[in-house]
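User: I would like to learn how to read a strand in a model, starting from its two faces and moving on to its partners and contacts. Could you take me through one case?

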Amino acid sequence: MKVQAQITHDYEVAAIKVSAAVRYWEDGKVGESEDTDGTLMPLRNGDLWEPTIDLDTGRIRDWPEGVEADVHYKVCDAGVYTLLDAEGRTLATRDGYVPDLLSPCGSGYGDYIIMKIGADGVIADWDAEIDPDEWNWVAI
């Protein structure tokens, strides 16, 4: 017998891992330098920008101390976003549109990551609001 049931579960989400295929690297600035080809941006991995952000603090993990950045990246539905627990296990994923929380410095309309990153790796105006209905949750 097949039974379909909706189950509510509380998740303790610690971080979001971003894997965004950036269309135009030149829309970023690192320190005082325009990053015309994306070679200055920390956490770049090939054509992807892959920061992991602590949700409570807005601090980007492994961000190099003293480096400031201004990000305005067009992603255009070419990203994978993963919510992680404190041990780094996947709790939920989504792909395509950029989650709103990744554009605290302007409306990203689901296509842009817009943020200012301080020298301490903290994102300005960070607000880690998550709409659970926009995510594909892992069964626990």
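User: Which residues of strand E7 lie on its covered face, and which on its uncovered one?

Analyst: In a regular strand the side chains alternate between the two faces of the sheet. In this predicted model, strand E7 (residues 69-74) turns Ala69, Val71 and Tyr73 to the covered face, while Asp70, His72 and Lys74 lie on the uncovered one.

User: Which strands pair with E7?

Analyst: Strand E2 (residues 29-30) pairs with E7 in the antiparallel sense over two bridges, and there Val30 has Ala69 as its bridge partner. Strand E10 (residues 112-117) also runs antiparallel to E7, joined by six bridges, with Ile113 of E10 standing opposite Tyr73.

User: What does Ile113 touch, and where does it belong in the nonpolar core?

Analyst: In soluble globular proteins, nonpolar side chains tend to be buried together. Here the largest nonpolar core has 30 residues, and Ile113 is listed with Trp49 and Leu102 as having the most contacts inside it. E7 and E10 are among the elements that give two or more residues to this core. Leaving aside neighbours within four places in sequence, the contacts of Ile113 include Val71, Tyr73, Trp49 and Leu102.

User: What links Asp70 to Lys116?

Analyst: Their side chains meet in a salt bridge, at 3.1 Å from N to O. Because Lys116 lies in strand E10 and Asp70 in strand E7, the pair ties together parts that are 46 residues apart in sequence. Both count as partly exposed, with relative accessibility of 44% for Lys116 and 30% for Asp70.

Notes
Residues are numbered from 1 along each chain as its sequence is written. This is a predicted model: local features need pLDDT of at least 70, side-chain atom pairs count only at pLDDT 80 or more; totals for chains, interfaces and linings use all residues. Side-chain values use heavy atoms; hydrogens and water are left out. Buried means under 20% relative accessible area, exposed over 50%, partly exposed in between (1.4 Å probe, protein chains only). Helices (H or I, at least four residues) and strands (E, at least two) are DSSP runs, numbered from the N terminus. Two strands pair if DSSP finds at least two bridges between them. A nonpolar core is a set of buried Ala, Val, Leu, Ile, Met, Phe, Trp, Tyr and Cys residues joined through side-chain atoms within 4.5 Å. Contact means heavy atoms within 4.5 Å. A salt bridge is a side-chain nitrogen of Lys or Arg within 4 Å of a carboxyl oxygen of Asp or Glu.
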